[in-house]
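Visitor: I would like a close look at a single part of this model, taken slowly and with the reasoning spelled out. Please begin with one residue and then set it against the rest of the chain.

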Amino acid sequence: MVVSPSAEKRSEVERRIEELGPWFHNMELGGVRTAPEHFLGDYPAVKYAHFRTSLPADMSGLTVLDIGCNGGFYSLEMKRRGASRVLGIDTNDHYLQQARFAAEISGLEIDFERMPVWDIGALGERFDLVIFMGVLYHLRHPLLALDLIHEHVAKDLLLFQSMQRGSREIAAIEEDYDFNGRAPFDEPGYPKMHFIEHRYSHDETNWWVPNRACTEAMLRSSGFLIESQPEDEVYVCRWSSLVTPPDGPHCVYPKAGSTR
Ligand SMILES: C[S@@+](CC[C@H](N)C(=O)[O-])C[C@H]1O[C@@H](n2cnc3c(N)ncnc32)[C@H](O)[C@@H]1O
């Protein structure tokens, strides 16, 4: 039997995809789907569909940092919008290999580096768009990560997503609370983070799950103004010099490498 060059190429892509699996990002690479049986459906395309118009359609000349890039879905999409530089970082070599393969086969020039969010101060570079999607709840120190992003790498836009649990209500935030007044803490809409000591959804890397009020309060407290919430868990924010407390930086680690 004669095998056509295109059939041969497709089976090579299938082989590589299989070799690099399992995939969390479902993407079509060389006509082959990476995670057709994903438990969340066509993920993250189904999520992206809800907020894709909230980002600049033309990203020519803009730079992007994708923290926790995984298989590279958002990095690839930003490059397709014309971003001049896209850097994806992740702690997991397995995912980084997938991302490099996805970019290569798609003919997109994207840098991928193994780097935890804790080390971003060492980049010495600020980016027009920082993507911080689906990582916060995997961290033992989530507020520190937001502080580091604000202090070291964000220049303008932050695209943020966190899993949220608990009430969707937002209680009015007071400037101060009386020591003996315990009631505010029992309000469903008070900012709350749920600590996962063992596992959530069979995953031991889930540590903290905020409610909606807490997500928004943390973003504000780290100096990000919420511009829109195009999807339940997704926020588009803008960097601001307004951070609390107003009389000094509250993020001191790692100070070296700050570019502002
Ligand atoms: C749920 S996935 C989200 C992937 C992608 N951002 C998205 O929204 O589809 C979380 C990703 O964060 C990465 N990650 C976990 N801890 C990290 C850390 N400390 N620094 C950077 N990436 C991290 C994981 O390896 C994984 O690829």
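Guide: Arg 10 counts as partly exposed because 14 C-beta neighbours lie inside 10 Å, whereas 20 or more would be needed for a buried residue and 12 or fewer for an exposed one. The model is a predicted one, and within it Arg 10 belongs to helix α1, which covers residues 5-20. Once its neighbours within four places in sequence are left aside, Arg 10 is in contact with Gly 30, Gly 31 and Val 32. For Gly 30, which is 20 residues away from Arg 10 along the chain, the separation of the two C-alpha atoms is 6.8 Å.

Helix α5 offers a second setting for the burial question, since ten of its twelve residues are buried and the helix is thus mostly covered. Among those buried residues are Asp 147, His 150, Glu 151 and His 152, together with Leu 146, Leu 148 and Ile 149. The length of α5, residues 142-153, can be checked as well: at 1.5 Å a residue its twelve residues should span 16 Å, and because the end C-alpha atoms are 16 Å apart, the model agrees with that expectation.

Strand β6, made of residues 127-133, is also mostly covered, with six of its seven residues buried. On one hand β6 pairs with strand β3, residues 63-67, in the parallel sense over four bridges, and here Leu 65 stands opposite Val 130. On the other hand β6 is joined by six bridges to strand β7, residues 154-161, again running parallel, with Ile 131 opposite Leu 159.

The ligand has a shell of 16 residues, of which Gly 68, Asn 70, Asn 92, Met 133 and Gly 134 come nearest. By class, that shell divides into nine nonpolar residues, six polar ones and one charged residue.

For the chain as a whole, the secondary structure amounts to seven helices and eleven strands. Its radius of gyration is 20 Å, close to the 18 Å that the globule rule gives for 260 residues, so the protein chain is as compact as a globular protein of that length. The C-alpha trace spans about 85 × 40 × 30 Å along its principal axes, and buried residues make up 36% of the 260 residues. Of the contacts with a separation of 6 or more, 61% are between residues 24 or more positions apart.

Terms used
Residues numbered from 1 in each chain as written. Predicted model: local features only at pLDDT ≥ 70, side-chain atom pairs only at ≥ 80, totals over all residues. Near = placed C-beta within 6 Å. Nonpolar A, V, L, I, M, F, W, Y, C, P; charged D, E, K, R; others polar. Helix = DSSP H or I, 4+ residues; strand = E, 2+ residues; numbered from the N terminus. Expected span 1.5 Å × (residues − 1). Rg over C-alpha atoms; globule rule 2.2 N^0.38 Å. Contact = placed C-beta atoms within 7 Å. Pairing = 2+ DSSP bridges.
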